[in-house]
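User: Please take a close look at one part of this protein, namely a single strand and its pairing partners. I should also like to see that part set against the rest of the fold.

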Amino acid sequence: MNIQQLYDIYQKHPVITTDSRDCPEGSIFFALKGASFDGNQFAVKALESGCAYAVIDDHQVAESHPTLVESGKLILADDVLQTFKDLAREHRRQFDIPVIGITGTNGKTTTKELIASVLGERYNVLYTQGNFNNDVGVPKTLLRLSKEHEIAVIEMGASHPGDIKTLVETAEPTCGLITNVGKAHLQGFGSFEGVVKTKGELYDFLGQEEGRVIFINANNEHLVNILPEQAWVTPYSSNPDDTEGCVVGEVVSCAPFLKFRWRESDIDLEERGAAVEWHDVQTQLIGAYNLDNALAAITVGLYFSIDPSKICHALENYKPSNNRSQLTTTPHNHLVVDAYNANPTSMEAALRNFRMMEVSPKMAILGEMRELGESSVSEHAKLISMLDESHFDQVWLVGEEFASIECRYRKFHDVTEVKEALKACRPEGYYILIKGSNGNRLFELPESL
């Protein structure tokens with residue numbers, strides 16, 4: 001069966017599932033594999049539970065159920081995951097709409113949501129839910145496209161070389177941006193240069209054809225240096241004196257929420273004969289580092305003809321709810337919760353911003369940074385040095401990566417130990433930064449603080 005024949009089936013059965021425990025009547029089950037499961041073993045069960053078809057790539061399963069194969073209910077593919085991506089690409093090709101691809105080491109989920117909020121002021125937007133940004137999540141998002149959607153915003157994550165190339169070949173974005181490049185997943189990428197090259201695969205794709213657009217942070221030399229020669233570029237800048245950027249902006253305050261101002265570039269204003277006008281935006285985001293994310297959203301919004309007043313409205317009303325840049329107030333403390341992602345770049349940004357906040361007393365609860373390979377010890381040692389320079393009132397460190405590093409801070413094996421310590425002696429009246437990888441499970445701490 002070729003992909004067009006499968007797509008014909010999909011059009012009649014446009015509900016996809018990859019979980020044999022969730023089989024809507026008439027849906028198509030894709031027998032994906034994971035580190036600890038093989039969907040092929042549940043394909044027949046999926047059919048019995050309501051699925052109309054099941055796509056498998058295990059010949060033994062097919063040979064064991066010849067009647068199901070002959071009836072067409074069991075569809076044997078060379079590779080289920082690749083077939084899943086091919087189906088999503090075929091579906092995406094039915095829609096002649098802008099598709100914005102977003103990747104980066106840090107900030108891609110927040111940037112995606114800010115862009116979706118801004119574009120939502122005018123358009124019906126399909127955008128990645130949560131952080132479903134891998135080679136399963138991206139196809140799932142694309143398969144949600146419907147005739148009502150006018151624009152799509154697709155987040156793309158990577159942990160190995162070639163990951164972004166695979167995702168852009170599935171989503172085929174018409175424009176896109178890289179938020180930044182930093183030290184993350186070094187164990188998979190091999191080096192910082194590997195990170196840059198992989199993220200740059202988005203630029204490589206967008207530079208292949210005329211009419212595709214790259215939105216770029218003009219202040220990031222790593223990104224500027226990898227731009228394709230023929231790319232159509234729309235820049236933004238956090239240097240308010242920059243005359244080249246489409247959008248320029250600067251931080252006004254972080255007390256504790258980010259307030260900033262922005263304006264269009266001199267060039268754009270001159271072309272329209274318009275006067276310089278600064279727009280003030282009071283966000284509900286914690287962190288000066290979110291300025292670049294907001295400027296990216298503004299730039300995309302202007303490109304797609306969103307009125308500046310509506311852009312400001314969208315940014316001011318966006319409230320994070322995904323353990324990223326959240327300020328939570330409990331009866332006992334004020335919590336800065338950033339407990340989804342942690343790598344050297346994002347840790348440095350979080351600590352720098354926490355230092356800037358004019359509040360006291362301050363406490364930091366930090367989880368270990370994972371997937372750093374041979375750089376892990378040195379990067380955790382650098383983190384300790386940053387903490388020494390920060391002079392916070394209290395610091396708690398969580399995870400085995402901190403165990404071998406001598407320091408004066410309190411250490412914990414895991415989040416369970418932290419919760420036990422909080423039962424014995426909970427801090428009161430603190431501003432507390434909670435920062436760590438999702439695997440540290442520090443998102444469980446707010447209810448104890």
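Analyst: What follows describes strand E19, then the open sheet of E1 to E4, and finally the protein overall.

The model is predicted, with local features requiring pLDDT of at least 70 and side-chain atom pairs counted only at pLDDT 80 or more, while totals for chains, interfaces and linings use all residues. Residues are numbered from 1 along each chain as its sequence is written, and side-chain values use heavy atoms, with hydrogens and water left out.

Strand E19 covers residues 431–435; helices (H or I, at least four residues) and strands (E, at least two) are DSSP runs numbered from the N terminus. In E19, 5 of the 5 residues are buried, so the strand is largely enclosed by the rest of the structure. Buried here means under 20% relative accessible area, exposed over 50%, and partly exposed in between, with a 1.4 Å probe and protein chains only. In a regular strand, side chains alternate between the two faces of the sheet. Accordingly, Tyr431, Leu433 and Lys435 point one way from E19, and Ile432 and Ile434 point the other way.

Strand E15 (residues 334–338) runs parallel to E19 and is joined to it by 5 bridges, with Val336 opposite Leu433. Strand E16 (residues 362–367) is also parallel to E19, again through 5 bridges, and Ile365 has Ile434 as its bridge partner. Two strands pair if DSSP finds at least two bridges between them.

Elsewhere, an open sheet of 4 strands has the order E1-E2-E3-E4 with parallel pairing. Strands E1 (16–17) and E4 (74–76) are at its edges, each with a single partner strand, so one side of each lacks a neighbour in the sheet. Between E2 (residues 28–30) and E3 (residues 53–56) there are 3 bridges in the parallel sense, and Phe29 stands opposite Ala54. Helix H1 (residues 3–12) lies across E1, E2, E3 and E4, at about 130° to E2. Helix H5 (residues 80–92) lies across E1, E2 and E3, also running at about 130° to E2. These angles run from 0 to 180 degrees between N-to-C directions, with axes fitted to C-alpha atoms, for helices over the stretch in contact.

The protein as a whole has 18 helices and 19 strands, and 54% of its 449 residues are buried. Of the contacts (heavy atoms within 4.5 Å) with a separation of 6 or more, 64% link residues 24 or more positions apart. The C-alpha trace spans about 70 × 65 × 40 Å along its principal axes.
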